[in-house]
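Me: I'd like a close look at one part of this model. Please keep it informal and take me through it in one go.

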Amino acid sequence: MTTAPIAVAAHGLTKRYDDVDALAGVDLEIRAGAVTGLLGRNGAGKSTLLQLVAGFERPTSGRILVDGEDPFDNAVTMADTQLVREGGDAFASEPVTDTLGWYRDLREHWDADLAAGLADAFELDTSQKVENLSRGQSSMVGAIIGLASRAPLTIFDETYIGMDAPNRETFYEALLTDYAAHPRTIVISSHLISEVERMFEDVVILDAGRVLVHGDADEVRARGLTLTGRATEVERLLGTRDVLARRDLGPTSQITVLTQPGDELPALARQAGLEVDGVGLQDLFVHLTRRTAASPEGESR
Amino acid sequence: MFDGPEPLYVQIATHVRDQVLSGDLGEEEQVMSTTQFATTYRINPATAAKAFAGLVEEGVLYKRRGLGMFVAPGARELLLDSGRRAYVADVLDPALAQAARLGIPMDVVLARVHASALAVPPAAPASAQDAASGTVRS
């Protein structure tokens, strides 16, 4: 078991269930020590990808490497990887403390004080049986396991479902505090993009089993732009760039466009007197994944 | 906070510069650690670190080994200088261009400038004032 954060790489990673490709040739790298956001619509392949990373499943073709090794049934990489799944992976008919005790024995870097502190912060009674917990409380157990394990590769797959806003804040703050003190590779899969996007250093957007966008979160965010102004002027500046959304208001057009890194469009548009706004990761995600026939554009880094 | 269109680290740097300009952060005063900043505003510590590194390069902050980041001596003056240099291009020229688009005659604009110049005592650059009054700045 290592203590250093570890990296993940996928090459042509494909996973087929019956006739359906849940993942269809995914190439990507998850940087060691960074917080990566994994975004995608329902059925985009996020959970499949994470199960492959955790070594719970085997790829149909292509390769997945965790710290340079094939993670499937691999005792070394599995000891370093904590995947918190939506189901919770807890002993249903036993008290929460039994599950926490099991992880304490399993995880070399388990921090019992952190686990107890989080349970207090969540006001979670750990003597309750897991099967009697609410949906939100089950997510809290997942959050506690994920953070207190301090695994070099920690993955949260929608670990927020059912939690109310104050409890989600508690979780995010605890995650950042503990991450800053104990840097590790963290992957967060979430549909609540606007409330977590500022925690991401990198972002991956999956769509229909493929990587749609992958890169530095700030750079990805900067690629979405909304131009508002005289329709002819907007049109002229647009050129051949990818239009994500368009709204015509008489002689005025508002166009959301996908730019490439280093594009001079924002400067040109401001010079031309157009209004230039960012669109935010959440809106960019919605625009990008709404297009049904979206063609993967490859990595942006 | 920090939901503008610019990259997050740019917004963070702008926020710290504004605090130095307004005096909320005094020279030689310690700024939040990247960890405090990250947890307070719920942002990635690496993003905060990137913003702070840029501010160190600009000369707004400096690092004391083992202690953290502090506002550099002269940081406020530095920011005032660069703000003044950027004022014409960033503020005045767009305002004049807008006046032209609206068809406001230049003499109306100038009359307004003269009127406000009479209403507000001339704000000489702080360094110039200090030089004139002989104040010694620490």
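How many residues does helix 6 of chain A have, and how far does it reach from its first C-alpha to its last?

Reply: Before the helix, some ground rules: this is a predicted model, in which local features need pLDDT of at least 70 and side-chain atom pairs count only at pLDDT 80 or more, while totals for chains, interfaces and linings use all residues. Residues are numbered from 1 along each chain as its sequence is written, chains are lettered from A and ligands numbered from 1 in the order in which they are written, and side-chain values use heavy atoms, with hydrogens and water left out.

Helix 6 of chain A (residues 165-181) has 17 residues and reaches 24 Å from its first C-alpha to its last, close to the 24 Å expected at 1.5 Å a residue. Helices here are DSSP runs of H or I, at least four residues, and strands are runs of E, at least two, numbered from the N terminus; the expected span is 1.5 Å times one less than the number of residues.

At the start of helix 6, a side-chain oxygen of A:Asp164 comes to within 3.0 Å of the backbone nitrogen of A:Asn167. A:Asn167 is also buried, as are, among others, A:Arg168, A:Phe171, A:Tyr172 and A:Asp178 (buried is under 20% relative accessible area with a 1.4 Å probe, protein chains only).

Helix 6 also covers the position of A:Glu169, and this residue forms a salt bridge with B:Arg42, their closest N and O atoms being 2.5 Å apart. A salt bridge means a side-chain nitrogen of Lys or Arg within 4 Å of a carboxyl oxygen of Asp or Glu. Across the interface of chain B and chain A, the rule finds one salt bridge. On chain B's side, the elements giving two or more residues are helix 1 (8-22), helix 2 (34-41) and helix 3 (45-58). Helix 2 of chain B supplies the largest share, four residues.

Now the whole contact: 16 residues come from chain B and 17 residues from chain A, with contact meaning heavy atoms within 4.5 Å. The area buried between the two chains is about 1,500 Å², and carbon and sulfur atoms give 54% of that. B:Arg42 turns up again here: with B:Thr39 and B:Asn44, B:Arg42 loses the most area to chain A, together 44% of what that side buries. Buried area is the accessible area (1.4 Å probe) that two parts lose on being put together, summed over both.

Key. Buried means under 20% relative accessible area, exposed over 50%, partly exposed in between (1.4 Å probe, protein chains only). A polar contact is a pair of N or O atoms within 3.5 Å; within protein, one must be able to donate a hydrogen and the other to accept it, and residues adjacent in sequence count only if both atoms are side-chain atoms.
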